[in-house]
Amino acid sequence: MSYQDLSGEVITPKDTNYENARAIYNAMIDKKPAVIVKCKNEQDVVNAVNYARDHNIEVSIKSGGHNGAGLALVDDGLVIDLSEMKAININPQSKTAVIQSGNTLADVDAATHEYGLALPSGIIGTTGIGGITLGGGIGYLSRKGGLSIDNLLECEVVLATGEVVTANKNSHPDLFWALRGGGGNFGVVVSFTFNLIAIKNVYAGPMFWPLEKAKKAMKFYDNVTKTASNDLYGFFAFLIVPPAEPFPEDLWNKNVCGVVWNYTGPIEKAEEVFKPIREFGPPILDFVGEIPMPALNGMFDALYPPGMQWYWRAHYIKELTDESIDENIEFGSKIPTMHSTTHFYPIDGAVHEVSNNETAWANRDARWAQVIVGVDPDSAKADKVTNWCKDYFDALTPYAMGGAYVNFMMEEGQARIKSSYKDNYDRLVEIKTKYDPDNFFHINQNIKPN
Ligand SMILES: Cc1cc2nc3c(=O)[nH]c(=O)nc-3n(C[C@H](O)[C@H](O)[C@H](O)COP(=O)(O)OP(=O)(O)OC[C@H]3O[C@@H](n4cnc5c(N)ncnc54)[C@H](O)[C@@H]3O)c2cc1C
């Protein structure tokens, strides 16, 4: 095999499109691969895997290039770039979709919405379906439909040997278990088959309160969502109001707290559900109303384009105690830049209907995955956003459950990966040892084989 056997483009540092090809979402990452293989099909992936293995070249796997830690790229190695593998086949009768790994969430959303269907997944359209799914997949439909992996029926996988296997409940069930949360450790997934859920329009959008009301607002939010049906979802946030339309000018650049709601129950009941919510406060901004699902999923895409500086930290949270709320308010009032924020993504509701050891994703006793993100377009602010994020993370650690959602982690070391998988870690090591004993796939939140 040589690069000539590939039908996709092979890009090296000598090529004029190299800089574009190595650009990923997080501009804080500056890795320089030796070669980027733009795979066109499964055979290209097989050839790239075989070539890299036989020549002892390190590989990374890139779907959407969104990973905060930059795990899509590898210095001096070979990038298996799946971004041109974009087929999506929807079967409206069975409500299923076969989705190739190069699709973004915006691609998936547009395709499924045509049929009045949706896949529970993340909240920003440019995220790749590959990385988000293999790490778990948290988003606006988590309480209603579970994680992305809870809707996963099958994966087509290229293993480290170059062999192609189908992983589902009957074929390679151990691998299928591991792929549902274990990330890119086990092979290159070229396509995913998902169950979809019937969703067309939702009653959704942001609602803000002034920072002075944050403590009461957080407690109110906690109580409302604790007892609500799975039709009501809302993620809590501390943020700075963007100085732009459609936000009212008197709120521009103000530190506020808020919730981005998503109600998926009968639309004629929505006003009734939101009546007590609107009576609290009252909110200083209320953009909640009926919108198509893709409008919600794309709502923050323009605010967070690719190419900014990002630094992430994350926790799993079970309870919002008075002390933890006070710490959040302290750091929420010191947000360093307009794009920096913290979000509390609910992972209760349908996520709790699956047990911790049914899939590799081991944190179903948490109520929220909290992410703290320091973000700014200016590289001169990289230290500022990073320091705020790290300090905030440290202050919250005593109130967190340990570990973090692997898709919200930077490169934070083995102990942290292990604590994220809790009791599932040993089984993941066994499966890794069976399918990838040489740790060929190690540019990821790595599970080391025995
Ligand atoms: C702005 C932003 C918003 C986000 N929002 C959410 C959210 O709402 N919910 C959520 O759950 N997460 C969210 N994330 C986190 C996201 O899930 C991770 O960044 C994820 O890694 C992105 O997937 P990707 O395909 O774009 O990643 P890439 O950077 O392309 O890949 C990251 C890693 O995933 C693995 N991988 C990717 N594709 C494959 C494949 N086909 N086969 C095998 N391994 C593969 C590899 O290990 C690779 O190193 C967000 C990230 C950002 C930057």
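1. Let's start with Arg-22, since its side chain is worth a look on your screen. In this predicted model, Arg-22 has a relative accessibility of 12% and therefore counts as buried, the cut-off being under 20%. Its salt-bridge partner is Glu-19, with the N to O distance at 3.0 Å. Glu-19 sits on the other side of that cut-off: with a relative accessible area of 47%, Glu-19 is partly exposed. So the bridge joins a buried arginine to a partly exposed glutamate.

2. How are Arg-22 and Glu-19 placed along the chain? Both belong to helix H1, which covers residues 18-22, and they are three residues apart, so about one helical turn separates them.

3. A little further along you will find Asp-30 and Lys-32, whose side chains also form a salt bridge, at 3.5 Å from N to O. Asp-30 is partly exposed at 48% relative accessible area, and Lys-32 is partly exposed as well, at 41%. If you display these two together with Glu-19 and Arg-22, you will have a network on screen: Glu-19, Arg-22, Asp-30 and Lys-32 are linked by salt bridges.

4. Now please turn to Arg-367 and Asp-222, which meet in a salt bridge with an N to O distance of 2.6 Å. This pair links distant parts of the chain, with the two positions 145 residues apart. Arg-367 lies in the loop between strand E18 (341-346) and strand E19 (368-376), whereas Asp-222 belongs to helix H7 (residues 214-227). Are these two partners buried or exposed? Arg-367 is buried at 11% relative accessibility, and Asp-222 is buried too, with a relative accessible area of 9%. For context, the structure holds 25 salt bridges, and the pairs described here are among them.

5. On to the empty space inside. Rolling a probe the size of a water molecule over the atoms shows where such space is left. The count comes to four cavities of 30 Å³ or more. The second largest of them has a volume of about 80 Å³. To find it, select its lining residues: Leu-105, Val-108, Asp-109, Thr-112, Leu-119, Ser-121, Gly-122, Ile-129, Leu-141, Met-293 and Asn-297. Two elements, helix H3 (105-113) and helix H9 (293-297), give two or more residues each to this lining.

6. Which helix gives the largest share of the lining of the second largest cavity? That is H3, with four residues. By residue class, the lining of this cavity divides into six nonpolar, four polar and one charged. Asp-109 is the charged residue in that list.

7. Finally, a word on the overall fold. The protein has 13 helices and 19 strands. Its C-alpha trace spans about 65 × 50 × 40 Å along the principal axes. What radius of gyration does the protein have, and what would a compact globule with 450 residues have? The protein has 21 Å, which agrees with the value near 22 Å for such a globule.

8. Two further figures go with that picture. Of the 450 residues, 60% count as buried, and Arg-22, Arg-367 and Asp-222 are buried residues you have already met. Among contacts between residues at least 6 apart in sequence, 73% join residues at least 24 apart. The Arg-367 and Asp-222 pair, 145 residues apart, is a handy example of distant parts of the chain being linked.

Conventions: Residues are numbered from 1 along each chain as its sequence is written. This is a predicted model: local features need pLDDT of at least 70, side-chain atom pairs count only at pLDDT 80 or more; totals for chains, interfaces and linings use all residues. Side-chain values use heavy atoms; hydrogens and water are left out. A salt bridge is a side-chain nitrogen of Lys or Arg within 4 Å of a carboxyl oxygen of Asp or Glu. Buried means under 20% relative accessible area, exposed over 50%, partly exposed in between (1.4 Å probe, protein chains only). On a 1 Å grid over the protein atoms alone, a cavity is a set of points where a 1.4 Å probe fits but cannot get out, and a pocket is an open set with protein on both sides within 12 Å along at least five of seven lines; lining residues have an atom within 4 Å of a point. Grid points are joined across faces, edges and corners, and a volume is the space filled by probe spheres set on the points. The radius of gyration is taken over C-alpha atoms; the globule rule is 2.2 Å times the number of residues to the power 0.38. Contact means heavy atoms within 4.5 Å.
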